[in-house]
Amino acid sequence: MAYISYEHNDIRGVGEVDGDTLIPLQGIDAIGRTSSLEALAGADRLTQERLPISDVRVLPAVTDPARVICVGLNYRDHIAETGREFPTYPVMFPKYASSLIGAYDDIAVPPESAEVDYEGEMAVIIGRSGRRITEENALDHVLGYTVANDITMRDFQYRTHQWMQGKAWDASTPLGPRIICPGEVDLASCGIRTVVNGEKVQESDLSQLLFTVPNLIATISTFTALEPGDVILTGTPGGVGYRRKPQLLLKPGDHVSVEIDGVGSVSNRLVAEVL
């Protein structure tokens, strides 16, 4: 099963994917605190109102999360290319609901940054509340998985030892298009890749995660309760543009996509931000 958050005729909703159509869920207009696993499973399917996916605007997989928690330095090859030691505890930083855009929306390049970079990532969407969740029970709290591009302004990221100012720009992080439920995909066998202007620049697989999904959920829920609709970005593989020689930084006119086998892809054009 998979879900898409969408807008059609100025009305927002959540639909269950059925081939190339969406079946709207009655009473569910967004993935969030009130859209638990049980609420989504129990919602009436409005089969007579199904919509072609091509006719809707695909919104961020979660439009108004309470938390967007991101993990850095979580793929072995990426840690190696940064020259850092392997962490023993996840490196984390926040984004906000305002950071998120749809899977096919344009990415606005801000005039303040000259070092815009890509980071293909898998994101976990929480579906059941919990605090101090054990690793053994962690996957019971997962609604599903989706694709993200953690667009990063490197010249802002490295102004301090904290990364938030380079990561949490408004309207910068594609998330979607589908939330794939756990039973539909085997993460251990999923490849992940990023393509810029037709060139493959990142390629790895999710088995390379240093901190696994259950470990991240257990770690994060130690210090904050997790709620339905919360988003966890799990880190990026090696090959980021800033670490390449020569560097490969994004600019208006470029096109970047991130794909995860069995999960989906985000595909975005970069445009100059209009002030």
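Helices and strands here are DSSP runs, with a strand taking at least two residues, and they are numbered from the N terminus. Keep that in mind as we walk through this predicted model, because names like β17 and β18 simply follow that numbering.

Let's start with a spot between two strands. Pro246 sits in the loop between β17 (231-233) and β18. The peptide bond that joins Lys245 to Pro246 is cis, with omega at about 0°. There's another cis bond between Gly176 and Pro177, where omega is about -10°. Pro177 is found in a strand, β14 (residues 173-180). What makes these bonds worth a look is that most peptide bonds are trans.

Backbone angles hold a few more surprises. Most residues other than glycine have a negative phi. Asp10 isn't a glycine, yet its phi is positive, about 65°. You'll find Asp10 in the loop between β1 (2-8) and β2, and with a relative accessible area of 71% it counts as exposed. Arg132 also has a positive phi, near 50°. Its place is the loop between β11 (120-126) and β12 (142-149). Is Arg132 buried or exposed? Its relative accessible area is 57%, so Arg132 is exposed, since the cut-off for that word is over 50%.

Now head to the strands close to the start of the numbering. Strand β2 (residues 11-18) pairs with β3 in the antiparallel sense, over four bridges. In this pairing, Gly15 stands opposite Pro24 of β3. The two strands make a hairpin with two residues between them, and Gly19 in the turn has a positive phi of about 65°. On its way through the fold, β3 also meets β4 (residues 51-52): two bridges join them, and they run antiparallel. Here Leu22 has Leu51 in β4 as its bridge partner. What about the faces of β3 (residues 21-24)? Both are covered, with Thr21 and Ile23 buried on one side and Leu22 and Pro24 buried on the other.

Next comes a bigger arrangement of strands. Strands of a sheet pair through backbone hydrogen bonds, either parallel or antiparallel. One open sheet has five strands in the order β9-β19-β18-β15-β16, and its pairing is mixed. β9 (107-109) and β16 (199-205) stand at the edges with a single partner strand each, so one side of each has no neighbour in the sheet. On average, neighbouring strands in this sheet are turned by 20° against each other, direction ignored. Inside the sheet, β18 (residues 255-260) and β19 (residues 264-272) are joined by six bridges in the antiparallel sense, and Ile260 stands opposite Gly264 of β19.

A UniProt annotation, from an unreviewed entry, labels residues 68-270 "domain: Fumarylacetoacetase-like C-terminal". That span is 13% helix and 35% strand, and its end C-alpha atoms lie 23 Å apart. Val68 belongs to strand β6 and is buried, with a relative accessible area of 3%. Val68 and Ile125 are 57 residues apart in sequence, and their C-alpha atoms are 9.6 Å apart in space.

Finally, how many cavities of 30 Å³ or more are there? The count is one, and its volume is about 120 Å³. The lining has 17 residues, with His78, Glu119, Arg154, Gln157 and Trp163 nearest the centre. Seven of the lining residues are nonpolar, five polar and five charged. β6 (68-72), α2 (76-82) and α3 (154-157) each supply at least two of them.

Key
Residues are numbered from 1 along each chain as its sequence is written. This is a predicted model: local features need pLDDT of at least 70, side-chain atom pairs count only at pLDDT 80 or more; totals for chains, interfaces and linings use all residues. Side-chain values use heavy atoms; hydrogens and water are left out. Buried means under 20% relative accessible area, exposed over 50%, partly exposed in between (1.4 Å probe, protein chains only). Two strands pair if DSSP finds at least two bridges between them. On a 1 Å grid over the protein atoms alone, a cavity is a set of points where a 1.4 Å probe fits but cannot get out, and a pocket is an open set with protein on both sides within 12 Å along at least five of seven lines; lining residues have an atom within 4 Å of a point. Grid points are joined across faces, edges and corners, and a volume is the space filled by probe spheres set on the points. Ala, Val, Leu, Ile, Met, Phe, Trp, Tyr, Cys and Pro count as nonpolar, Asp, Glu, Lys and Arg as charged, and the others, Gly among them, as polar. UniProt positions are given in the numbering used here, feature names are shortened, and annotations may be inferred rather than shown by experiment. Axes are lines fitted to C-alpha atoms, for helices over the stretch in contact, and angles run from 0 to 180 degrees between N-to-C directions.
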